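Got the structure open? Here's a quick briefing to read alongside it.

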Amino acid sequence: MGLNLLYCAAQVGLEAKIVEVEVSFTRALPSFSITGLAGNAIQESKQRVQSSLLANNFKFPPLKINVNLSPSDIPKQGSFYDLPIALLIALNGTCNLSEITQQNTDSKPPKIFAFGELGLDGRIKDSS
């Protein structure tokens, strides 16, 4: 099974709640959408992710790309969702999670977290 799920977090009051970032690729007119109560900064993430990947010579597949941030009832804000979204699109299901973690396929795979804002040139921006 290819990698189509990473984890991030959303701030809810003083707590951090785990957010699943998942992506699907379907044969349809090419498009890119983000669902799951995503705020304006996350909707703008589409442009940052596209520019960043193109700056690194990534060729977008002619598919419909849908990114879901779940659970959908938690509001999500911020640009740190850029990196997990870009990684999932770039890997496009080609990377096997058990190869990354070198774990036995019988055991439950660990949760892999990714956080980061992307620059238009493909850099991961410093948080300071």
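What follows is a tour of helices, salt bridges, backbone quirks and a surface patch.

Keep in mind that this is a predicted model. A good place to start is helix α2, residues 82-91, which is mostly covered, with seven of its 10 residues buried. From there you can follow contacts across to helix α1 and then out to the surface.

**Helix α2 and what covers it**
- The buried residues of α2 are Asp82, Leu83, Pro84, Ile85, Ala86, Leu88 and Ile89.
- Their cover includes the strands β1 (5-12), β2, β3 (31-35) and β4 (64-70), along with helix α1.
- Right after α2 comes asparagine 92, and its phi is positive, at about 45°.

**Leucine 53, a contact point in α1**
- You'll find leucine 53 in helix α1, which runs over residues 40-55.
- Leucine 53 counts as buried because its relative accessibility is 9%, and the cut-off for buried is under 20%.
- Setting aside residues up to four places away in sequence, leucine 53 touches Phe58, Phe60, Ala86, Ile89 and Ala90.
- Take alanine 86: along the sequence it sits 33 residues from leucine 53, yet their C-alpha atoms are 7.1 Å apart in space.

**Lysine 46, a buried charge**
- Lysine 46 is also in helix α1.
- What's the nearest side chain of opposite charge to lysine 46? That's glutamate 44, 11 Å away, and lysine 46 is buried with no salt bridge.
- Lysine 46 does have company: beyond its neighbours within four places in sequence, it contacts Phe32, Ser33 and Ile34.

**Salt bridges**
- The count comes to three salt bridges.
- One of them pairs aspartate 82 with arginine 48, with their closest N and O atoms 2.6 Å apart.
- That pair links distant parts of the chain, since aspartate 82 belongs to helix α2 and arginine 48 to helix α1, 34 residues apart.
- Both aspartate 82 and arginine 48 are buried.
- Another salt bridge joins glutamate 15 and lysine 17, at 3.2 Å from N to O.
- Glutamate 15 is partly exposed, at 47% relative accessible area, and lysine 17 is partly exposed too, at 32%.
- Arginine 123 and aspartate 121 form a salt bridge as well, with 2.9 Å between the closest N and O atoms.
- Here arginine 123 has a relative accessible area of 46% and is partly exposed, while aspartate 121 is partly exposed at 44%.

**Backbone quirks in the loops**
- Serine 70 and proline 71 are joined by a cis peptide bond, with omega about 15°. Proline 71 is in the loop between β4 and α2.
- Leucine 37 isn't a glycine, but its phi is positive, at about 55°. Look for leucine 37 in the loop between β3 and α1, where it is partly exposed at 48% relative accessibility.
- Asparagine 57 is another non-glycine residue with a positive phi, near 60°. Asparagine 57 lies in the loop between α1 and β4.
- Is asparagine 57 buried or exposed? Asparagine 57 counts as exposed because its relative accessibility is 73%, and the exposed class starts over 50%.

**A nonpolar patch on the surface**
- Ile18, Phe113 and Phe115 make up a nonpolar surface patch, and together they have about 270 Å² of accessible area.
- Isoleucine 18 comes from strand β2, residues 15-26, and is partly exposed at 43% relative accessible area.

Definitions and conventions: Residues are numbered from 1 along each chain as its sequence is written. This is a predicted model: local features need pLDDT of at least 70, side-chain atom pairs count only at pLDDT 80 or more; totals for chains, interfaces and linings use all residues. Side-chain values use heavy atoms; hydrogens and water are left out. Patches are made of residues with over 30% relative accessible area and no salt bridge: like charges are joined within 9 Å, nonpolar side chains (Val, Leu, Ile, Met, Phe, Trp, Tyr) within 5 Å. Accessible areas come from the Shrake-Rupley method with a 1.4 Å probe; for residues, only the protein chains shown count as cover. A salt bridge is a side-chain nitrogen of Lys or Arg within 4 Å of a carboxyl oxygen of Asp or Glu. Helices (H or I, at least four residues) and strands (E, at least two) are DSSP runs, numbered from the N terminus. Buried means under 20% relative accessible area, exposed over 50%, partly exposed in between (1.4 Å probe, protein chains only). Contact means heavy atoms within 4.5 Å. Lys and Arg count as positive and Asp and Glu as negative; His and the chain ends are not counted.
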